[in-house]
Amino acid sequence: MEKTVELLMKNASLLDVELVAGALKQEGIPHFIKEKGPGGIYCGGAIMGADLYVPGECLETAMDIAEDVLFTQPDIRA
């Protein structure tokens with residue numbers, strides 16, 4: 001069986017990509033980030049966004065993790 005690499009996030013903010021990458025790392029899911037643009041850094045992030053890739057066999061789990069990280073609001077009521 002041929003292994004594939006799948007795009008999980010495209011042209012996302014570097015902050016969002018780093019948040020999801022941290023959650024993937026905690027779950028043991030391999031990943032890599034490809035920053036876009038001429039290599040310049042502006043205000044701590046890639047100017048043109050970044051892409052996040054995961055192994056094809058991990059894509060569904062990675063999508064669930066990304067959704068949890070990006071779209072789940074913490075309950076801050078005390």
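User: What is the expected span of a helix, and how does helix 2 compare with it?

Analyst: The expected span of a helix is 1.5 Å times one less than its number of residues. In this predicted model, helix 2 covers residues 59-71, which makes 13 residues. From first C-alpha to last it reaches 17 Å, close to the 18 Å expected.

User: Thanks! Which residues of helix 2 are buried, and what puts them on the same side?

Analyst: Leu59, Ala62, Ile65 and Ala66 are the buried ones in helix 2. They cover an arc of only 120° around the axis, so they share one side of the helix. On the other side, Glu60 and Phe71 are exposed; that word asks for over 50% relative accessible area.

User: What covers the buried residues of helix 2?

Analyst: The cover includes strand 1 (5-12), helix 1 (14-26) and strand 5 (50-55).

User: Happy to hear about the sheet too. Why do strand 1 and strand 2 count as edges?

Analyst: Let's start with the order: three strands form an open sheet, arranged 1-5-2, with antiparallel pairing. Strand 1 and strand 2 (32-35) each have a single partner strand, so one side of each has no neighbour in the sheet. On average, neighbouring strands here are turned by 20° against each other, direction ignored.

User: How do you know that strand 1 and strand 5 pair?

Analyst: Pairing needs at least two bridges between the strands, and strand 1 and strand 5 have five, in the antiparallel sense. Within this arrangement, Met9 stands opposite Leu52 in strand 5. Helix 2 packs on the sheet, where it touches strand 1 and strand 5, and its direction makes about 25° with that of strand 1.

User: Why is Val20 called buried?

Analyst: Good one to check by hand! The cut-off for buried is under 20% relative accessible area. Val20 has 0% relative accessibility, so Val20 counts as buried. This residue lies in helix 1.

User: Which residues does Val20 touch, leaving aside those up to four places away in sequence?

Analyst: Val20 touches Leu8, Met9, Leu52, Ala66, Val69 and Leu70. As for Ala62, its C-alpha is 8.6 Å from that of Val20, although the two are 42 residues apart in sequence.

User: And what is the pattern of the protein, read along the sequence?

Analyst: The pattern is β-α-β-β-β-β-α, which comes to two helices and five strands. Buried residues make up 31% of the 78 residues. Among contacts with a separation of 6 or more, 62% join residues 24 or more positions apart.

Terms used: Residues numbered from 1 in each chain as written. Predicted model: local features only at pLDDT ≥ 70, side-chain atom pairs only at ≥ 80, totals over all residues. Heavy atoms only, no water. Helix = DSSP H or I, 4+ residues; strand = E, 2+ residues; numbered from the N terminus. Buried < 20%, exposed > 50% of the residue type's maximum accessible area, 1.4 Å probe, protein only. Arc of directions from axis to C-beta. Contact = heavy atoms within 4.5 Å. Axes fitted to C-alpha atoms, helices over the stretch in contact; angles between N-to-C directions.
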